[in-house]
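User: Please take a close look at the ligand site. What surrounds the ligand, and how are the helices beside it arranged?

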Amino acid sequence: MTIYSKIIGTGSYLPPRRVTNDELVVQLAAKGVETSDEWIVTRSGIKARHFADADVVASDLGAEAAKRALEMAKLDANDIDLILLATTTPDHCGGFPSTACRVQAKLGMTKTCAAFDVQAVCSGFVYAMSMADAFIRAGVHKNVLVVASEIYSRVVDFNDRSTCVLFGDGAGAVVLSASNEPGILATKMHADGHQNEILHMDATLNCGVLEGSGFMYMDGQAVFKVAVTVLGQVGHEVLEMASMNASEVDWLVPHQANVRIMQSAAKRLKIPEERVVVTVDQTGNTSASTIPIALDTAMRDGRIKSGQNILMAAIGGGLTWGAVLARM
Ligand code: ACO
């Protein structure tokens, strides 16, 4: 009998501190950094984002999102046999243990399971879902917890107005389980390391000393140009793999970096804007976490229903990009 993997639970968690554009504009002005609500909304569609408090780490947000996904899946943490955690902002930068192991401990699991981090920047969730699907279909794992958790407020330079207004903190999670009926219909991952210069953070630990910049760098226009092309392309790829066409997609849940990129990707895929889930206006770009946060939001507000087809597509540093086509 063919084994499929199916999404049986979703969860998300945003730290309580919500910062609107107007609040951020005032905070930045005090540092001599000039921006406006009008610029941020026009260029990105972002109106607010959440920032974690100083004593909070990625595994804290990830564990909260994971608990909610487990609750929806009606599973106990001990039922999980693999945790994959996508993050660019792990609990220990350049150190260990992995944030996945931290989440495992915070879920209070009394049994052991496999747990490791996935680093594909904003594509991390799509990469982790692709791996989870492959493990389940191969019969290696049965219940996989895929978590994405990011604290970008720690790695954006609040003196760089071209990035600091765009990012936020948050986590999302999904429980994927072995099933007799199709769930994940197709997955595709891509990377092009030659394009690493347009989006990177090059801090390195060397004998106890942090070398290089601990802040992210993004050439926004260059990333924008690649993003609009590859999100459409990879969306078409997974549709072709599943012998489906765009009219059969009920919801496009793209990486939430910028509404203009999402609109352009939807247009290239011929998916009407009213079938695109948008949460970036309230969260900013939460990197690997954007897709599971958007997915969970649309699950819980009733937009996404059982049996519907969902297309998820992301692009991030690396450059990396990928897509997952799923039947809920
Ligand atoms: N407030 C006011 N003015 C600003 C701000 C700001 N916060 N930031 C930049 N500007 C100015 C610039 O200095 C520039 O001024 P100039 O024309 O006098 O030189 C002007 O605004 C235009 O800047 P652009 O960079 O050309 O603005 P653009 O329209 O390209 O929008 C943005 C910038 C929002 C970053 C866009 O390029 C974008 O969304 N890029 C893609 C981001 C993305 O998809 N990232 C995904 C992956 S993220 C990851 O993997 C971590």
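Analyst: Here is the ligand site, followed by a helix pair and some backbone details.

This is a predicted model, in which local features need pLDDT of at least 70, side-chain atom pairs count only at pLDDT 80 or more, and totals for chains, interfaces and linings use all residues. Residues are numbered from 1 along each chain as its sequence is written, and side-chain values use heavy atoms, with hydrogens and water left out.

Start with the shell. There are 27 residues around the ligand, each with a heavy atom within 4 Å of it. Thr35, Arg43, Cys122, Gln221 and Asn258 come nearest. By class, the shell has 14 nonpolar, nine polar and four charged residues. Here Ala, Val, Leu, Ile, Met, Phe, Trp, Tyr, Cys and Pro count as nonpolar, Asp, Glu, Lys and Arg as charged, and the others, Gly among them, as polar.

Several elements contribute. At least two shell residues come from each of α2 (37-44), α6 (161-164), α7 (220-241), α8 (259-269) and β14 (309-316). The most come from α7, with four residues. Helices (H or I, at least four residues) and strands (E, at least two) are DSSP runs, numbered from the N terminus.

Now the polar contacts, pairs of N or O atoms within 3.5 Å. An N or O atom in the Gln221 side chain is 2.4 Å from a ligand oxygen. For Arg43, a polar side-chain atom lies 2.7 Å from an oxygen atom of the ligand. For Arg260, the corresponding distance to a ligand oxygen is 3.3 Å. The protein covers 75% of the 1000 Å² of accessible area that the ligand has on its own (Shrake-Rupley method, 1.4 Å probe).

Next, α7 and α8. Their axes come within 9 Å and cross at roughly 35 degrees; axes are lines fitted to C-alpha atoms over the stretch in contact, and angles run from 0 to 180 degrees between N-to-C directions. The crossing is right-handed: the near helix is turned clockwise from the far one by less than a right angle. In contact (heavy atoms within 4.5 Å), the α7 side includes Phe224, Val228 and Leu231, and the α8 side includes Arg260, Ile261 and Leu269. By class, this contact has seven nonpolar, five polar and two charged residues.

Finally, the backbone. The peptide bond from Phe96 to Pro97 is cis, with omega near 5 degrees. Pro97 lies in the loop between β4 (82-86) and α4 (99-106). Gly318 and Leu319 are also joined by a cis peptide bond, with omega about -10 degrees. Leu319 sits in the loop between β14 and β15 (320-327). Val121 is not a glycine, yet has a positive phi of about 50 degrees. Its loop runs between β5 (114-118) and α5 (124-137).

Definitions and conventions:
Polar contact = N/O pair within 3.5 Å; in protein donor to acceptor, adjacent residues only side chain to side chain.
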